[in-house]
Amino acid sequence: MKLTRNDYQELATQIEVGNGTIEFEKDGETLIIDYQAEEDGYVEDDYHCGYMNGTGAYVVTSRTLSVLSVESFDEDGEDTENDFNDTLLEKEYEAAA
């Protein structure tokens, strides 16, 4: 499986905080990614924004992603090669903060 920048952007949108798994299908192949994602931030309250300026919104200040395992297989369940790059996915995930 050959992944494009758009594929990495799509994968990044599927990541949720905590431990998880993404199944991504392309050209008759399936890519499975196990990951751990963390997010830090704060709530915009009057303490952070000044009296009567707090919105109550959660502001993400940083994100980290650890890819635990990656495998790919075809329609018959046979293992296939892929060009997965965990650094590119980590950058896409962190940029979405």
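Start with the contacts across the whole protein chain of this predicted model. Of the contacts with a separation of 6 or more, 49% are between residues 24 or more positions apart.

Next, colour the protein chain by secondary structure. It shows 3 helices and 3 strands. Followed from the N terminus, the elements come in the order α-β-β-α-β-α.

Now zoom out to see the whole outline. The C-alpha atoms fit a box of roughly 60 × 20 × 20 Å along the principal axes. The radius of gyration of the protein chain is 17 Å, whereas a compact globule of 97 residues would have one near 13 Å.

Turn on the surface. The protein chain has an accessible surface of about 6,400 Å², and carbon and sulfur atoms hold 42% of that. Of the 97 residues, 27% are buried.

Select the charged residues. The protein chain carries 5 positive and 26 negative charges, and the mean positions of the two groups lie 11 Å apart.

Then select helix α1, residues 5-13, and show its side chains. Which residues of α1 are buried? They are D7, Y8, L11 and A12. These residues sit on the same side of α1, because they cover an arc of only 135° around the axis.

Rotate to the face turned away from that buried side: the exposed residues N6 and T13 are found there.

Finally, keep the buried residues of α1 in view and add their partners. What do they pack against? The partners are strand β1 (18-26), strand β2 (29-43) and helix α3 (86-95).

Key
Residues numbered from 1 in each chain as written. Predicted model: local features only at pLDDT ≥ 70, side-chain atom pairs only at ≥ 80, totals over all residues. Heavy atoms only, no water. Helix = DSSP H or I, 4+ residues; strand = E, 2+ residues; numbered from the N terminus. Rg over C-alpha atoms; globule rule 2.2 N^0.38 Å. Buried < 20%, exposed > 50% of the residue type's maximum accessible area, 1.4 Å probe, protein only. Contact = heavy atoms within 4.5 Å. Areas by Shrake-Rupley, 256 points an atom, 1.4 Å probe, with all protein chains shown as cover. Lys, Arg positive; Asp, Glu negative; His and termini not counted. Charge placed at Lys NZ, Arg CZ, Asp CG, Glu CD. Arc of directions from axis to C-beta.
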